[in-house]
Structure formats: C-alpha cells, structure tokens
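Reader: I am new to this structure and would be grateful for a close look at a single part of it. Please describe the aromatic rings and how they are arranged.

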Amino acid sequence: MYGYAPPSQYTGGENSVISNGGKLANSVLSGYFLPNNMQDTADEYAFYDNSDDDYVFAYPKGWVLRPNGQRPGVSAGNFRTADRVTVDIIDAKRALPSWPKVVPKEISEAAALAAIAPDSNGYSGNGRQFLPSRIKVEPVKYEGDDREYYQIEFSSTTITRTGYDVRKGNIMAATLVAGNLFVINASARSDTYDAIEDQLRGARASFRIREGADERVARRDLAKESLQELDAGVTRPAGYGGVEGLDLADDEDDMCAGISDSAGIC
C-alpha cells in the first residue's frame, strides 16, 4: 500500500487511526521519523489517509480539512490563526524550467511559489517577484523508502487586503511523482511559529507517497492529455464545456461533468 513499511497501527485494530481516529502512538511517531521530543504529544496528531490520493501525512488534531482552491491537493488548517498544513500537486513540466533535468534549486522555488503565490503561474507568470531571498533545500531519503524527497525551509511575508504584513515560517517537503511535483507545506505565523514548530516538523516528516503512485499518476496524465487532444479537434454540442478540470477518478458521474444538461444521457 505504501512505499515504505507502515506502522502496525495503520493496518486496523483498537489503536488504528484509520478505524477509529485514535491517538498517534509513540511507536507510530517513531515509524514516521518524527522528532524525539514529539513522543509526549502523540495525541496532538490526526492522519490524512484517503485511498483516492497518492499521499499520506499527519497534521495537528482539530485542524479543519478542505480541498485546495488553486490546484489538486488538500489543506488542514487552524483558521483562527491561519496556520496550516497544505499538500499541492504541481505540473513539473510547467513549473521546472530545466525539466526533465532535476535541479533542486528549481524544485525549492516552484514549491515556494505554490505556497506563497498560488495565482502567479510560476515561472511562466510573474511569480519570481514573490520568491524569498533565501530558501534552504536539502535532498533526503527515508529508511524503507527509495524515493528522494527535498526538505525546504524559508520565511515569507504576505500583505493582507487591509495592508498588514504577515510573516510566516514555512517547513516543506517535495518529491517528484511521474511528471508532477508533490509538495507539503507546514506553515505558521511568526507569533505562533515557536509554539508549534515541532508539530510542523512532525507533519513534514510524516509525508509519504503511496507505492505505485508513479504509474497511476502517469496513466491519469496521459488520459487527460488524450482527452484534451480529442476535445480540441471536435465541434462541441451546445452546453458542453470541455474536459478541463475533469476528475479522472473511477466515478461514472464525472464523465457527464462537462455537460450542463445531461438528464437522460448519463
């Protein structure tokens, strides 16, 4: 199921976080290589493990989950403080100038842009003006997982609509899956960062990609490209909106998502 050996708590049973949302036990934290000083706060984590997604991660218990608004992925957040853990899925061909050559600096900058300027369209837009002056990036591998991850850290400043500067600390990990960059960002405001830094680092340390994800992602990307090519070469009937944004999951209702009046057809 996973690209590494999951702790026994994730296979079901009394203490399984899958079956009953129970505590992340000390052995689970150790299994996910979380910092030793997190052993005493195991009950502060929930776990995102959706079988429809190719990634898993831990996040502070009580934070609210919701889908990303700009691109595929999910976000868990404390919406009173704007602290959050977010997973983004980015098209590597568009985001990395040297693709398919892998350049860690480009990966770190693409990940940073996804976090702080999601509307900037990366390198092809005006995104580079938002890049922090210093971004730390380091390639790492975890025991039992052959995939290479990049640990990324930086500080960012956002100007709110009311004109206030909000400074945040960002603790990230990124890895390539087929032609996509999967990124987790655990971030907090400067005034709350020190209090939850260990939790943020724990969330990053828990981020893993499921076994077989490269093949699944490549098939979905190929299917979407094929649909777009076919869609571009045909005359669309009235009410048909194209295949952009079509969910290619195994759900027959999605095939009618682009048709405004599909009653009696699907």
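Author: In this predicted model, ring pairs link Tyr48, Tyr55, Phe57, Tyr59 and Phe182 into a cluster. The structure as a whole holds seven aromatic pairs. One of them is formed by Tyr55 and Phe182, whose rings meet edge-to-face, with 6.2 Å from centre to centre and 70° between the planes. This pair links distant parts of the chain, since Tyr55 belongs to strand β2 (residues 55-60) and Phe182 to strand β9 (residues 180-189), 127 residues apart. A pair of aromatic rings is described by the distance of the centres and the angle of the planes. The label edge-to-face applies to Tyr55 and Phe182 because their planes are 70° apart, and planes over 60 degrees apart count as edge-to-face.

The surroundings of the two residues can be described as well. Tyr55 has a relative accessible area of 2% and is therefore buried, the limit for that term being under 20%. Phe182 likewise counts as buried, at 2% relative accessibility.

Another ring takes part in an arrangement with a charge. The charged end of Arg208 sits over the ring of Tyr142, at 3.8 Å from the ring's centre.

For a view beyond the rings, one may turn to Ser75, which lies in strand β4 (residues 73-78). Ser75 is buried, its relative accessible area being 4%. Its side chain makes a polar contact with the side chain of Thr86, at 3.2 Å. Leaving aside residues up to four places away in sequence, the residues that Ser75 touches include Val64, Leu65, Arg84 and Val85.

Notes:
Residues numbered from 1 in each chain as written. Predicted model: local features only at pLDDT ≥ 70, side-chain atom pairs only at ≥ 80, totals over all residues. Heavy atoms only, no water. Helix = DSSP H or I, 4+ residues; strand = E, 2+ residues; numbered from the N terminus. Buried < 20%, exposed > 50% of the residue type's maximum accessible area, 1.4 Å probe, protein only. Polar contact = N/O pair within 3.5 Å; in protein donor to acceptor, adjacent residues only side chain to side chain. Contact = heavy atoms within 4.5 Å. Phe/Tyr/Trp six-rings, centres within 6.5 Å; stacked < 30°, edge-to-face > 60°. Lys NZ or Arg CZ within 6 Å of the ring centre and 35° of its normal.
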